[in-house]
Amino acid sequence: MKRWLSVGAAWLLVAGAQAAPLDQGELVTFPTRDGVTQSVFVESPSANPPWVIVLFAGTTGDLHLDADGATSLRGNFLIRSASHWVDWGDAAVLVDTPSDYADGVDDTFRRSSASFADTQVVIATLRKRFPSSKIAIVGTSAGTVSVGNALDRDPTLADAFVLTSPVTIARKIGPTIADLDVDGTKYRVLVVSNAGDRCVASPAYAAKQLAERNHFDFISVESSEGGGSKTEECGGHSPHGFLGIEVEVLKGIRDWLGAKVGQGT
């Protein structure tokens with residue numbers, strides 16, 4: 001039976017300063033599909049970290065990585081808080097969009113076989129670099145469509161999958177991950193949602209339904225900082241992007257990865 005974690009007001013009172021995005025790592029570029037290259041930015045405190053946390057940002061996902069890390073989308077929840085993973089002893093990996101979509105991807109591409117092929121090579125490259133480490137693929141907002149695509153096509157690809165503010169309601173025309181059909185009793189999957197999320201694409205009730213239907217573990221938080229307009233409600237500086245509670249949310253994910261919460265029994 002799955003255990004569910006609800007993060008209440010007492011936990012949210014814990015102060016957690018935002019960390020700067022990664023900037024001390026290494027830019028790595030490698031081929032994926034025919035004529036296509038993929039770049040990632042890898043930062044690790046050791047050669048054998050317990051976990052390698054592979055991060056897929058939201059919106060169009062184009063981080064425009066260079067030798068100093070992400071040059072765009074630095075306000076995205078996962079990107080702006082990535083250095084916490086390194087501080088805690090894990091490796092953090094920023095995943096850019098592939099070279100044939102250098103200016104960003106839409107949800108249709110994120111759900112495609114081509115996107116999955118790129119993700120497969122990313123994970124294979126990281127497993128070669130960190131052969132003793134476990135790998136968690138983490139997405140937020142539209143990034144969950146990329147992560148959900150990999151989960152749906154091969155749930156053995158990673159040791160854990162994390163979907164934060166998952167896209168379950170179609171934005172204009174495009175796929176979502178509301179139709180995921182993966183047995184959460186066999187594979188480690190966590191859904192994280194903010195009860196205060198007002199983004200039309202990721203309502204809290206739909207995230208909970210996604211978790212319940214697939215027997216995924218679920219973390220519910222509640223905050224109200226940021227947002228204020230239809231556009232901002234789906235941005236990083238809003239409850240959708242866990243503004244002001246980044247550290248608490250990441251600690252919840254980290255505890256889950258360490259099987260302190262959310263472990264199936």
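**Exercise 1. Find out whether Trp85 is buried or exposed, then look at its ring partner.**

Step 1. Trp85 has a relative accessible area of 2%. Buried means under 20% relative accessible area, exposed over 50%, and partly exposed in between, with a 1.4 Å probe and protein chains only. Trp85 is therefore buried.

Step 2. A word on the model: it is predicted, and local features need pLDDT of at least 70, side-chain atom pairs count only at pLDDT 80 or more, while totals for chains, interfaces and linings use all residues. Residues are numbered from 1 along each chain as its sequence is written, and side-chain values use heavy atoms, with hydrogens and water left out.

Step 3. Rings of Phe, Tyr and Trp (its six-membered ring) pair if their centres lie within 6.5 Å; planes under 30 degrees apart count as stacked, over 60 as edge-to-face and the rest as tilted. A search of the whole structure gives three aromatic pairs. One of them joins Trp85 and Trp88, with 5.9 Å from centre to centre and 80 degrees between the planes, and is edge-to-face.

Step 4. Trp88 has 21% relative accessibility, so this residue counts as partly exposed.

**Exercise 2. Classify the pair formed by Tyr101 and Phe109.**

Step 1. The ring centres are 4.3 Å apart and the planes stand at 35 degrees, so the pair is tilted.

Step 2. Now check the surroundings: Tyr101 is partly exposed at 33% relative accessible area, whereas Phe109 is buried at 9%.

**Exercise 3. Describe strand E7 and the strands it pairs with.**

Step 1. Locate E7 at residues 160-164; five of its five residues are buried. Helices (H or I, at least four residues) and strands (E, at least two) are DSSP runs, numbered from the N terminus.

Step 2. Ala160, Val162 and Thr164 point one way from E7, while Phe161 and Leu163 point the other way.

Step 3. Strands pair if DSSP finds at least two bridges between them. E6 (residues 134-140) runs parallel to E7 and is joined to it by five bridges, with Gly139 opposite Leu163. E8 (residues 189-194) is also parallel to E7, through four bridges, and here Thr164 stands opposite Val192.

**Exercise 4. Work out how enclosed helix H8 is.**

Step 1. H8 covers residues 246-257. Nine of its twelve residues are buried, so the helix is largely enclosed by the rest of the structure.

Step 2. Among the buried residues are Val249, Ile253 and Trp256.

Step 3. Just after H8, Ala259 takes a positive phi of about 65 degrees.

Methods: Expected span 1.5 Å × (residues − 1).
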